Amino acid sequence: YLFGKSIYANSPAIMVTYETGLAEDPEGIGELIQAGMQVARINCAHDNEETWTAMIRHTREQAEILGRSVKIYM
């Protein structure tokens, strides 16, 4: 499995590429997770370390709150 084994049998992993605004929108990240996002992709050609760190922090926090597992690709 290129991206690891899916938690949903017979379904492809859902990957979402983050836009800059999600660094300040943990609820938006939570909505993506609730909608089925399994992989968060951060495009390192944009933004900076501070923005990426906020995105990662919000993703981990929201995943924990929702009891989900979300991979982060950079």
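Here are three short exercises on a predicted model.

**Exercise 1: two helices**

Work out how helix H1 (residues 26–34) and helix H2 (residues 49–66) are oriented where they pack.

*Solution.* Start with the geometry: the axes of H1 and H2 lie 9 Å apart, and the angle between them is about 50 degrees. Next, check that angle against the cut-offs: under 35 degrees would be roughly parallel, and 65 to 115 would be roughly perpendicular. That's why H1 and H2 count as oblique to each other. Last, look at the handedness: the crossing of H1 past H2 is right-handed.

**Exercise 2: who touches whom**

Find which residues of H1 and H2 make the contact, and sort them by class.

*Solution.* Go through H1 to begin with: its share is Pro26, Ile29, Gly30, Ile33 and Gln34. Now do H2, which brings Met55, His58, Thr59, Gln62, Ala63 and Leu66. Then sort the lot: you get six nonpolar residues and five polar ones, with no charged residues.

**Exercise 3: the sheet**

Lay out the sheet: in what order do the strands come, and is the pairing parallel or antiparallel?

*Solution.* Write down the order, E1-E2-E3, for the three strands of this open sheet, and mark the pairing as parallel. Then pick out the edges: strand E1 (15–17) and strand E3 (71–73) each pair on one side only. Add the twist, which averages 20 degrees from one strand to the next. Now zoom in on strand E2 (residues 39–41): three bridges join E2 to E3. To place one residue in that picture, put alanine 40 opposite isoleucine 72 of E3.

Terms used
Residues numbered from 1 in each chain as written. Predicted model: local features only at pLDDT ≥ 70, side-chain atom pairs only at ≥ 80, totals over all residues. Heavy atoms only, no water. Axes fitted to C-alpha atoms, helices over the stretch in contact; angles between N-to-C directions. Helix = DSSP H or I, 4+ residues; strand = E, 2+ residues; numbered from the N terminus. Parallel < 35°, antiparallel > 145°, perpendicular 65-115°, else oblique. Left-handed = near helix turned anticlockwise from the far one by under 90°. Contact = heavy atoms within 4.5 Å. Nonpolar A, V, L, I, M, F, W, Y, C, P; charged D, E, K, R; others polar. Pairing = 2+ DSSP bridges.
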